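Me: I should like a close look at a single part of this model, written for a first-year student. Please take one helix and follow the chain to either side of it.

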Amino acid sequence: MKKKHILISGGAGFIGSHLCDRLLDLGAYVICVDNLLTGSEKNIKHLYKNKYFKFLKHDVIDSLDVKGDIDYILHFASPASPRDYYKYPIATLEVGAIGTRNLLELARKKRAVFLLASTSEVYGDPLVNPQKETYWGNVNPIGPRSVYDEAKRFSEAITLAYHRKHKIDTKIVRIFNTYGPRMRARDGRAIPEFIEQALTNKPVTAFGNGKQTRSFAYIDDLIDGLLLLLNSGLNTPVNIGNPNEMTINSLAELIINLVGSNSKIVYKPLPLDDPKLRRPDISLAKKELKWRPKVDIKKGLGKTIEYFRNDKK
Ligand SMILES: NC(=O)c1ccc[n+]([C@@H]2O[C@H](COP(=O)([O-])OP(=O)(O)OC[C@H]3O[C@@H](n4cnc5c(N)ncnc54)[C@H](O)[C@@H]3O)[C@@H](O)[C@H]2O)c1
């Protein structure tokens with residue numbers, strides 16, 4: 001069978017680089033497009049010797065033409081942690097809007113399947129818990145987080161517009177918090193931040209009173225779900241995440257214990273519009289994709305802690 005040609009934007013980032021690995025293992029030809037704004041060549045360097053892998057340093061805000069066939073376009077380019085999108089507010093809006101449009105245009109020209117990495121942030125600070133795909137969300141459209149939330153809401157809308165108008169085969173994954181090796185220690189997301197603080201015996205900083213909840217999926221589970229979605233007939237959004245909800249306090253305690261650290265939890269003011277609850281309803285993915293997360297949080301955190309330990313050496 002002919003090798004599938006797959007373009008991954010944001011392929012040098014945390015999730016994108018794991019996707020590159022997995023798709024190469026499955027026998028695909030992978031073109032990774034990334035401007036390295038929040039990603040790093042460190043995540044993909046091991047692939048440079050693979051003749052089926054190509055890295056293109058490019059900002060997807062500028063239009064992109066690639067020679068030859070492209071069978072799938074997986075759009076993962078975007079700052080993703082609150083610290084990153086506060087730092088790059090305009091670039092975040094632009095990659096969600098102009099970047100998504102450019103890649104949809106490429107999908108139209110190549111008649112490629114297009115997968116958009118959307119986010120649970122489209123639900124904002126939700127008024128219902130857990131969140132189903134049919135929930136329209138509770139988003140502050142002008143707050144500091146809006147640069148990310150609204151960019152992703154726009155990117156979902158334009159993706160479905162291309163599906164309806166140009167008959168592109170589109171997939172939209174609403175990713176809930178995902179963690180694992182290759183996250184950046186100081187990107188501000190709870191798990192890498194807590195691990196880094198625990199490994200250095202510094203205070204572990206939780207926001208608010210630490211009673212807000214999140215649910216965390218391990219990277220391998222997410223990739224499994226993404227690939228099943230890619231091969232499905234579902235064109236509208238699908239939640240992929242782990243429904244095991246936990247408070248930020250219990251996450252911090254678990255990490256301190258797993259690291260064997262002397263760190264204590266300290267509290268900082270809650271950022272504006274920080275969601276108080278976050279848990280995916282994954283019944284659609286379970287029913288249609290036969291997918292469910294398998295990796296236990298202790299095991300996933302263990303592997304992530306190991307990565308951060310080795311990264312320090
Ligand atoms: N990690 C999560 O828990 C999570 C949750 C929900 C959604 N997502 C989505 O998944 C995608 C990847 O997230 P991540 O956690 O791997 O973040 P990341 O920051 O590690 O990766 C994003 C990648 O996109 C690249 N990028 C940013 N702007 C670009 C541009 N204009 N042109 C080309 N490349 C650009 C960055 O350099 C980086 O390599 C994002 O779209 C994010 O919104 C992630």
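Reply: The expected span of a helix is 1.5 Å times one less than its number of residues. In this predicted model, helix α4 covers residues 146-166, 21 residues in total. From its first C-alpha to its last, α4 reaches 28 Å, close to the 30 Å expected.

The next point is which residues of α4 are buried. Buried here means under 20% relative accessible area. Among the buried residues of α4 are Val147, Tyr148, Ala151, Lys152, Ser155, Ile158, Thr159 and Tyr162. In general, an α-helix has 3.6 residues a turn, so residues three or four places apart point the same way. The buried residues of α4 pack against two helices, α2 (82-87) and α3 (89-110), and against two strands, β5 (113-119) and β6 (170-175).

The loops on either side of α4 each deserve attention. Most residues other than glycine have a negative phi, and most peptide bonds are trans. Before the helix, in the loop between β5 and α4, lies Pro130, and a cis peptide bond with omega of about -5° joins Asn129 to Pro130. Just after α4 comes Lys167, in the loop between α4 and β6. Lys167 is not a glycine, yet its phi is positive, at about 60°. The side of the cut-off on which Lys167 falls is clear: exposed means over 50% relative accessible area, and Lys167, at 60%, is therefore exposed.

Methods
Residues numbered from 1 in each chain as written. Predicted model: local features only at pLDDT ≥ 70, side-chain atom pairs only at ≥ 80, totals over all residues. Heavy atoms only, no water. Helix = DSSP H or I, 4+ residues; strand = E, 2+ residues; numbered from the N terminus. Buried < 20%, exposed > 50% of the residue type's maximum accessible area, 1.4 Å probe, protein only. Contact = heavy atoms within 4.5 Å.
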